[in-house]
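Colleague: Please give me a close look at one helix-to-helix contact in this model, and then place it among the other local features. I should like each technical term to be given with its cut-offs.

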Amino acid sequence: RNYFVLVKGNSELNSKLRFGIIGCSGIAKKSTIPAIQNSEFAELAMIGSRSESKAEKFANEFHCEQFGTYDDVISNDSLDAVYISTPVGTHEEWAIKAANTGKHILCEKSSTTSFESAKKMISTCNDNNVRIMEGFMFKFHPQHQKVRELIDNNSIGELFSFNGSFGFPTFPDGDIRYNSKIGGGFLNDAACYPICASRMIFEQEPIGVSCTTFKDPKTGVDIKGASHMTYDNEKIASMTYSNGNFYQAKYHVWGTKGTISLKRAYSLPADFKTSVDIQYNDTTDWASTENETFEINPANHFSIMINAFCQEITGDKKSSFNFEEDLKNQARVMEAHRVSSEEKRFVSLDEIS
């Protein structure tokens with residue numbers, strides 16, 4: 001397919017992808033819309049909200065001339081792509097509507113509330129010859145490239161385990177994350193990060209999952225939990241997540257010769273200088289253990305993600321992973337977590353089909 005078929009709204013070669021925003025969320029305002037505006041490959045063309053007044057307010061803030069409802073964004077034929085930042089439980093509806101009008105889709109994580117829903121979204125995109133990516137921005141931060149380099153260089157030997165934690169203090173009453181009717185809960189909101197990170201580190205999908213979640217008696221949504229994931233070749237991953245505890249956003253990788261640790265693995269401000277810590281030795285003598293820290297310069301992982309999304313679609317630069325396959329695999333693992341928690345048992349990924 002050539003550029004003109006792939007990006008129907010633009011008429012000039014190498015012009016920017018014109019984005020419509022579906023959902024005036026906090027993350028859209030703080031991170032994603034600014035990343036679109038700062039990208040040499042993207043253009044903010046329209047903002048949509050449930051109410052025109054909120055859309056207008058956002059549009060004025062970001063100096064965007066076009067605004068309206070979600071349906072107005074969907075029906076705008078001049079747009080090439082949409083960024084969906086509505087509650088998780090509504091992603092399927094708007095992704096399918098966008099795909100049916102020929103728009104590419106960048107969808108906030110978690111992509112949706114079930115594996116069946118994810119398959120519907122991908123199928124509709126395939127039928128309409130458009131692309132969809134789940135917006136796990138953290139994967140694009142250079143610190144993970146350093147981790148991969150160290151692993152590939154055999155710096156910590158053969159991998160054995162991954163341990164990740166992500167959680168934060170309580171949100172205000174009424175926050176959409178506490179609304180079970182629209183996909184609320186913190187398995188969808190927080191646990192998805194270390195789950196995704198374990199898949200990224202091991203470069204494979206787990207064999208099965210054991211997951212325990214704890215629900216808030218007031219709202220009925222899960223607010224914290226833990227899981228154990230079994231991978232091939234005697235690899236294991238564990239993760240904990242929480243809403244209402246001290247902030248954590250880390251992961252730790254353990255190998256036969258050493259460990260790699262990130263203190264701030266998932267959500268980083270664009271001006272945040274982070275580090276990759278490695279501890280290793282080539283003997284069994286503890287006294288010979290070496291410690292090394294690699295400083296990672298600040299980077300805007302939202303901007304890097306936007307650029308990668310646009311360049312894959314225009315054909316300027318191929319992505320390091322298949323968008324749709326990654327979304328489907330993540331949704332499958334998330335579904336195994338839901339089933340395991342509900343049925344209080346180990347769930348094989350073979351059961352989720």
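Modeller: The account below begins with the helix contact, follows its charged residues, and then turns to the sheet and the loops.

This is a predicted model, in which local features need pLDDT of at least 70 and side-chain atom pairs count only at pLDDT 80 or more, while totals for chains, interfaces and linings use all residues. Residues are numbered from 1 along each chain as its sequence is written, and side-chain values use heavy atoms, with hydrogens and water left out.

Helices and strands are DSSP runs numbered from the N terminus, a helix being H or I over at least four residues and a strand E over at least two. Two packed helices are described by the angle between their axes and the distance between the axes. Here, helix α8 (residues 186–202) and helix α10 (residues 323–343) have axes that come within 10 Å and cross at roughly 120°. Axes are lines fitted to C-alpha atoms, for helices over the stretch in contact, and angles run from 0 to 180 degrees between N-to-C directions. The α8 and α10 crossing is right-handed, the near helix being turned clockwise from the far one by less than a right angle, whereas an anticlockwise turn would be left-handed.

On the α8 side, the contact is made by Leu187, Asn188, Cys192, Ile195, Cys196 and Arg199. They meet Asp326, Asn329, Gln330, Val333, Met334, His337 and Arg338 of α10, where contact means heavy atoms within 4.5 Å. By class, the α8 and α10 contact holds 6 nonpolar, 4 polar and 3 charged residues. In this scheme Ala, Val, Leu, Ile, Met, Phe, Trp, Tyr, Cys and Pro are nonpolar, Asp, Glu, Lys and Arg are charged, and the others, Gly among them, are polar.

The charged residues lead further. Side chains of opposite charge can pair when their charged atoms come close. A salt bridge is a side-chain nitrogen of Lys or Arg within 4 Å of a carboxyl oxygen of Asp or Glu. Arg199 and Asp326, from the two sides of the contact, are linked with Lys139 and Glu205 in a network of salt bridges. Within α10, Glu325 and Lys328 also form a salt bridge, at 3.9 Å from N to O; these two residues are 3 apart, about one turn of the helix. Glu325 is partly exposed at 39% relative accessibility, and Lys328 is partly exposed at 30%. Buried means under 20% relative accessible area, exposed over 50%, and partly exposed in between, with a 1.4 Å probe and protein chains only.

The whole structure contains 22 salt bridges. One of them joins Asp152 and Arg148, with the closest N and O atoms 3.4 Å apart. Asp152 and Arg148 are 4 residues apart in helix α7 (residues 142–152), about one helical turn. Asp152 is exposed at 53%, whereas Arg148 is buried at 18%. Another joins Lys218 and Asp173 at 3.6 Å, N to O. Lys218 is in the loop between β8 (208–215) and β9, and Asp173 in the loop between β7 (159–168) and α8, so the pair ties together parts that are 45 residues apart in sequence. Lys218 is exposed at 67%, and Asp173 is exposed at 66%.

Elsewhere, 6 strands form an open, parallel sheet in the order β3-β2-β1-β4-β5-β6, two strands being paired if DSSP finds at least two bridges between them. β3 (66–69) and β6 (132–134) are at the edges with a single partner strand each, so one side of each lacks a neighbour in the sheet. Strands β4 (residues 81–84) and β5 (residues 104–107) run parallel and are joined by 4 bridges, and Val82 has Ile105 as its bridge partner in β5. Helix α2 (residues 26–38) lies across β1 (17–22), β2 (42–49) and β4, at about 150° to β2.

Finally, some loops deserve a check of their backbone. The peptide bond from Lys109 to Ser110 is cis, with omega near -10°, and Ser110 is in the loop between β5 and α6 (115–127). His63 is not a glycine, yet has a positive phi of about 55°; His63 lies in the loop between α3 (52–61) and β3.
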